[in-house]
Amino acid sequence: MSGIRSTLDIVMERTKNLTLSEEEKEKLRIEGCTKKCVSLVSRYLAHIIDAAAIRSQFDEDRQECPEMETIFRKEFIRALDPWREKETLAAGLKDILAIEPSPYLELIASAESELEKLLAGETEKKLAALRRRGVGGSAVLPNMSRDLAWKENLNRLTASLHEGLVRL
């Protein structure tokens, strides 16, 4: 029976001389902070916890992860749809992070006006193509949600907006 070793014994024997470099330790620490922030964001958006609970979590974790608020802000912005959830974004920035949301809302408003111009141009192109095919009238509207080029443009604009919001 002494010849039978557990998996844990084998793993411990093979890893006894392995150590993490400082860079690897830092990467693991940041990954842990990011996971904690993603969890906080999802629980906040699901209305499981409130802003006060998140702020108290920041206070608890400040020693271990001083950049937690920065990571939380980035993950919070990425978790939201800026076109539909700008009020949630503004409330979270103000209530949780004590950040004035007006620059964020201004950037979203600017992107919305760009989106409207882009949509109007694409819609007009599609209507012109329909008219050339003999389809017309006041009730004719192109279905932009099925247009792959439009979806690609929308995704590009949304990604650009997210990047701009994270940079603020």
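## Briefing on a predicted helical model: core, disulfide and loops

Not counting residues up to four places away in sequence, Ile54 touches Leu40, Tyr44, Ile49, Phe72 and Ile96. The structure is a predicted model, and Ile54 is among the residues with the most contacts inside its largest nonpolar core. The points below take up that core, the packing of α4 with α5, the cysteines, two loop residues with positive phi, and two residues of helix α6.

**Nonpolar core**

- The largest nonpolar core has 31 residues, and those with the most contacts inside it are Ile54, Phe58, Phe72, Leu89 and Ile96.
- Two or more residues of this core come from each of the elements α2, α3, α4 (68-79), α5, α6 and α7 (148-167).
- As a general tendency, nonpolar side chains in soluble globular proteins are buried together.
- Two of the residues that Ile54 touches, Phe72 and Ile96, are themselves listed with the most contacts inside the core.

**Packing of α4 with α5**

- Helices α4 and α5 pack at an angle of about 170 degrees, and their axes are 10 Å apart.
- Because angles over 145 degrees count as roughly antiparallel, α4 is described as roughly antiparallel to α5.
- On the α4 side the contact is made by Arg73, Phe76 and Ile77, while α5 contributes Thr88, Leu89, Gly92 and Leu93.
- Sorted by class, this contact of α4 with α5 has four nonpolar, two polar and one charged residues.
- Leu89 of α5 takes part in the contact with α4, and Leu89 is also one of the residues with the most contacts inside the largest nonpolar core.

**Cysteines**

- The structure holds one disulfide, which joins Cys33 to Cys65 with an S to S distance of 2.0 Å.
- Cys33 lies in helix α2 and Cys65 in the loop between α3 and α4, so the disulfide ties together parts that are 32 residues apart in sequence.
- Both partners, Cys33 and Cys65, are buried.
- Why is Cys37 not bonded to Cys65, which holds the closest cysteine sulfur? The sulfur of Cys37 is 6.3 Å from that of Cys65, which is too far for a bond, because a disulfide requires sulfur atoms within 2.5 Å.
- Cys37 is buried as well, with a relative accessible area of 0%.

**Loop residues with positive phi**

- Most residues other than glycine have a negative phi.
- His47, a residue other than glycine, has a positive phi near 60 degrees, and His47 is found in the loop between α2 (22-45) and α3 (51-61).
- With a relative accessible area of 73%, His47 is exposed.
- Ala98, although not a glycine, has a positive phi of about 55 degrees, and its place is in the loop between α5 (86-95) and α6 (102-132).
- Ala98 is likewise exposed, with a relative accessible area of 69%.

**Two residues of helix α6**

- Thr123 is placed in helix α6, and at 18% relative accessibility Thr123 counts as buried, because the cut-off for that class is under 20%.
- Not counting residues up to four places away in sequence, Thr123 touches Pro142 and Met144.
- Ala129 also has its place in helix α6, but Ala129 is partly exposed, with a relative accessible area of 26%.
- The C-alpha atoms of Ala129 and Gly164 are separated by 34 Å, and these two residues are 35 residues apart along the chain.

How values were computed. Residues are numbered from 1 along each chain as its sequence is written. This is a predicted model: local features need pLDDT of at least 70, side-chain atom pairs count only at pLDDT 80 or more; totals for chains, interfaces and linings use all residues. Side-chain values use heavy atoms; hydrogens and water are left out. Helices (H or I, at least four residues) and strands (E, at least two) are DSSP runs, numbered from the N terminus. Buried means under 20% relative accessible area, exposed over 50%, partly exposed in between (1.4 Å probe, protein chains only). A nonpolar core is a set of buried Ala, Val, Leu, Ile, Met, Phe, Trp, Tyr and Cys residues joined through side-chain atoms within 4.5 Å. Contact means heavy atoms within 4.5 Å. Axes are lines fitted to C-alpha atoms, for helices over the stretch in contact, and angles run from 0 to 180 degrees between N-to-C directions. Angles under 35 degrees count as roughly parallel, over 145 as roughly antiparallel, 65 to 115 as roughly perpendicular and the rest as oblique. Ala, Val, Leu, Ile, Met, Phe, Trp, Tyr, Cys and Pro count as nonpolar, Asp, Glu, Lys and Arg as charged, and the others, Gly among them, as polar.
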